[in-house]
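Me: Got a minute to go through a structure with me? I'd like to talk about helix packing, pockets and a few odd residues.

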Amino acid sequence: MLERIRIVLIGTSHPGNIGAVARAMHNMGLADLRLVAPRCEVITQESISRASGADHLLHSAQVVETLEEAVADATLAVGASARSRTLPWPMLTPRELGGRLSGECRADNARVALVFGREDSGLTNAELQRCHAHVHIPTNAEFSSLNLAAAVQVVAYECRLAWLDGKPSACPQNEAELDTETELATHEELERYFEHLERTLIAIDFHDPAKPRQLMARLRRLYLRARVEKMEMGILRGVLTATEKAAADKAR
């Protein structure tokens, strides 16, 4: 299970924080680290020092330019959020997230991406809306700011507890246990679907990009909550293609 969990850091600005995250990951048995557009050098004397023996994770970390690249093959992406959003997304505590992992990681194509934002500003709304759910660490409301590595350590600890327990707990929000034969759509497949959906809705005059009114964000939240399977994704894409064809025929 732990091999299927990936830590994704976006726009990290301090090499020491990357090193400390590597140490936190190695402590808990996680090894898959991806860095999205880091704002600092990854391999430095400070990052190696802060890794404290986990610097092999720094050398093996994949550096990519976009979040989409970092989570393309993920079947579940969870973004760390320290503040509420204008459009509420499914929210989990680290303990609830841990309770889901055994079920989430059972399918052959399962990949879980845990996404953490910049030290100074966290994740943007757009980045959070590319995640199935958000994880919030219930800190002291009067002093809620956590160091990046500390946040990763808390979440990684719950991942390890779930692995040690080896038993799926009840999924929150009525989420059914995933069958081992079920292959969920990947993040990349979902993103292609959202692009296709928006294009189709514009073509049939249902969606006006000039006046979006959070339509696509709400639809994104709906489909991400549904946990679409690969076969279901093929059906949905087929419906959109047929809709586009019918609209083009009617326009002639």
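Reply: Sure, here is a walk through helix packing, then pockets, then single residues.

Me: Before that, what should I know about the model and the numbering?

Reply: It's a predicted model, so to speak: local features need pLDDT of at least 70, side-chain atom pairs count only at pLDDT 80 or more, and totals for chains, interfaces and linings use all residues. Residues are numbered from 1 along each chain as its sequence is written, and side-chain values use heavy atoms, with hydrogens and water left out.

Me: OK, helices. At what angle do α5 and α7 pack, and how far apart are their axes?

Reply: Helix α5 (residues 94–104) packs on helix α7 (residues 148–165) at about 35°, and the axes are 8 Å apart. Axes here are lines fitted to C-alpha atoms, for helices over the stretch in contact, and angles run from 0 to 180 degrees between N-to-C directions. Helices are DSSP runs of H or I with at least four residues, strands are runs of E with at least two, and both are numbered from the N terminus.

Me: Is the crossing left-handed or right-handed?

Reply: Right-handed, for α5 passing α7. That label means the near helix is turned clockwise from the far one by less than a right angle; anticlockwise would be left-handed.

Me: Which residues meet there?

Reply: From α5 you get P94, R95, L97, G98 and L101, and from α7 V154, V155, E158, C159, L161 and A162. Contact means heavy atoms within 4.5 Å. By class, that contact has 8 nonpolar, 1 polar and 2 charged residues. The nonpolar class is Ala, Val, Leu, Ile, Met, Phe, Trp, Tyr, Cys and Pro, the charged one is Asp, Glu, Lys and Arg, and the others, Gly among them, are polar.

Me: Why is α5 described as largely enclosed?

Reply: Because 9 of its 11 residues are buried. Buried means under 20% relative accessible area, exposed means over 50%, and partly exposed is in between (1.4 Å probe, protein chains only). The buried residues of α5 include L97, R100 and E104.

Me: And what covers them?

Reply: The cover of the buried α5 residues includes strands β1 (5–10), β4 (76–80), β5 (91–92), β6 (112–116) and β7 (133–135), along with α7.

Me: Switching to pockets. What is the volume of the largest one?

Reply: About 510 Å³ for the largest pocket. Of the 24 residues lining it, A82, R118, G122, L146 and A151 are the closest to its centre. Its lining has 9 nonpolar, 10 polar and 5 charged residues.

Me: How is a pocket defined?

Reply: On a 1 Å grid over the protein atoms alone, it's an open set of points where there is protein on both sides within 12 Å along at least five of seven lines, whereas a cavity is a set where a 1.4 Å probe fits but cannot get out; lining residues have an atom within 4 Å of a point. Points are joined across faces, edges and corners, and the volume is the space filled by probe spheres set on them.

Me: What lines the second largest pocket?

Reply: Q129, R130, E191, F194, E195, E198, M216, A217 and R220. The elements giving two or more residues to that lining are α8 (187–203) and α9 (215–226), and α8 gives the most, with 4. The second largest pocket holds about 170 Å³, and its lining counts 3 nonpolar, 1 polar and 5 charged residues.

Me: Where does R130 sit, and what does it touch?

Reply: R130 is in the loop between α6 (125–128) and β7. Leaving aside neighbours within four places in sequence, R130 contacts L67, E68, A77, H187, E191, R220 and L224. R130 is partly exposed at 23% relative accessibility.

Me: Back to L146 for a second: buried or partly exposed?

Reply: Partly exposed, at 37% relative accessible area. L146 is in the loop between β7 and α7, and beyond four places in sequence it touches I137, T139 and A151.

Me: Which non-glycine residues have a positive phi?

Reply: Among them are A37, at about 40°, and Q214, at about 60°. A37 is in the loop between β2 (32–36) and α2 (45–51), while Q214 is in the loop between α8 and α9. Most residues other than glycine have a negative phi.
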